[in-house]
Amino acid sequence: MEPAAREAADHLLDLGHRRIGYITTADSSDVRTDGPHPLPSPVAARVAGLVTGFTERGLTWDPDLLRPCRHDEAAIRHAVLDLLHGPSPATALIASDSLIGQVVLGALQEQDLRIPDDVSVLMYDDQPWARLVTPPITVVAQPTYDIGYAAGTRLAALIGGATNPPPLPPLPATLIRRGSIGPARS
């Protein structure tokens, strides 16, 4: 589980959010938090952080709020609308990356929904545009350069025939609180 994912969950829960939607383009088998995975899934770790935040408060996160969808804008927009216009709508949305985040913001604008008054938004990846929109988007920033460097070093060692390549170092993500998360609407 990612500590930053847990911190993000705590931040949302502290503000009264209980209906938190999570939108990802990861395959549904990559987001399972139960059982072994052939490869570690960052999305599964993020969802696990969310679930743990709920569980440790004696609450249960509704897995129906998880929306794995295709890599296209129409599917992501549909997921946003589905989460916000159902019988028990989400009060907060988590976008699994910045590309999903862009589509989420566009869908909210099209619906004339205000962030965070109508719905709170959190996004993974700290792209420069996330600071420039109004309100600025709360993000879980990942050390992308360091992640790429570590992966490249490990890959180069494997290509060079190393049987014991350097382990991937822990590269923690950081929650950056901005204006896109507010109290849950009643």
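Begin this tour of the predicted model by selecting helix H1 (3–14) and helix H2 (42–55), each of which supplies at least two residues of the lining of the largest cavity.

**The cavity beside H1 and H2**

With the two helices displayed, add the side chains of Ala 5, Ala 8, Ala 9, Tyr 22, Arg 46, Leu 50, Ile 94 and Tyr 124, which line the largest cavity. H1 gives the most to this lining, with 3 residues. The space enclosed in the largest cavity is about 40 Å³, and the count of cavities of 30 Å³ or more comes to 1. Colouring the lining of the largest cavity by class shows 7 nonpolar residues, 1 charged residue and no polar residues.

**From H1 to the salt bridges of Arg 57**

Keep H1 in view and select Arg 57 together with Asp 10. Their side chains meet in a salt bridge, at 3.6 Å from N to O. This pair links distant parts of the chain, for Arg 57 is in the loop between H2 and strand S2 (66–68) and Asp 10 is in helix H1, 47 residues apart.

Next, add Asp 14. The side chains of Arg 57 and Asp 14 also form a salt bridge, at 2.6 Å from N to O. Here again distant parts of the chain are linked: Arg 57 lies in the loop between H2 and S2, Asp 14 lies in helix H1, and the two are 43 residues apart.

How accessible are the two partners? Arg 57 counts as partly exposed because its relative accessibility is 34%, which falls between the limits of 20% and 50%. Asp 14 has a relative accessible area of 56% and is therefore exposed.

A further salt bridge can be displayed by selecting Arg 131 and Asp 126, whose side chains meet at 3.3 Å, N to O. Arg 131 is partly exposed, with a relative accessible area of 43%, and Asp 126 is likewise partly exposed at 26% relative accessibility. Now return to the first group and select Arg 6, Asp 10, Asp 14, Glu 56 and Arg 57: salt bridges that share partners join these residues into one network. Over the structure, the count of salt bridges comes to 15.

**The second largest pocket and two cis bonds**

Move to Leu 105, Gln 109, Ile 115, Val 133 and Thr 134. Of the 13 residues that line the second largest pocket, these lie nearest its centre. The second largest pocket holds about 180 Å³ of space, and its lining has 7 nonpolar, 4 polar and 2 charged residues.

Two of the residues just selected lead to cis peptide bonds. Which bond follows Ile 115? The peptide bond from Ile 115 to Pro 116 is cis, with omega near -5 degrees, and Pro 116 is in the loop between H4 and strand S4 (120–124). Thr 134 is joined to Pro 135 by a cis peptide bond with omega of about -10 degrees. Pro 135 is in the loop between helix H5 (129–132) and strand S5 (138–141).

**Two aspartates with positive phi**

Select Asp 112, in the loop between H4 and S4. Although not a glycine, Asp 112 has a positive phi of about 55 degrees. Then select Asp 125, in the loop between S4 and H5, which is not a glycine either and has a positive phi of about 90 degrees. Are these residues buried or exposed? Asp 112 is exposed, with a relative accessible area of 67%, whereas Asp 125 counts as buried at 15% relative accessibility.

**From H4 to Trp 129**

Next, select Gln 102 in helix H4 (residues 98–110). Gln 102 is partly exposed, with a relative accessible area of 41%. A line drawn from its C-alpha to that of Trp 129 spans 9.4 Å, with the two residues 27 apart in sequence.

**Helix H6**

Finish with helix H6 (residues 144–159). H6 has 16 residues and reaches 22 Å from its first C-alpha to its last, close to the 22 Å expected at 1.5 Å a residue. Within H6, show Tyr 145 and Tyr 149, which lie 4 residues apart, about one turn of the helix. The structure holds 1 aromatic pair. Tyr 145 and Tyr 149 form this stacked pair, with 6.4 Å from centre to centre and 20 degrees between the planes. Tyr 145 is exposed, with a relative accessible area of 65%, and Tyr 149 counts as exposed at 57% relative accessibility. The last stop is Gly 161, just after H6, which takes a positive phi of about 95 degrees.

Technical notes: Residues numbered from 1 in each chain as written. Predicted model: local features only at pLDDT ≥ 70, side-chain atom pairs only at ≥ 80, totals over all residues. Heavy atoms only, no water. 1 Å grid on protein atoms, 1.4 Å probe; cavity = no way out; pocket = protein on both sides within 12 Å on 5 of 7 lines; lining within 4 Å. Points joined across faces, edges and corners; volume = space filled by probe spheres on them. Nonpolar A, V, L, I, M, F, W, Y, C, P; charged D, E, K, R; others polar. Expected span 1.5 Å × (residues − 1). Salt bridge = Lys/Arg side-chain N within 4 Å of Asp/Glu carboxyl O. Buried < 20%, exposed > 50% of the residue type's maximum accessible area, 1.4 Å probe, protein only. Phe/Tyr/Trp six-rings, centres within 6.5 Å; stacked < 30°, edge-to-face > 60°.
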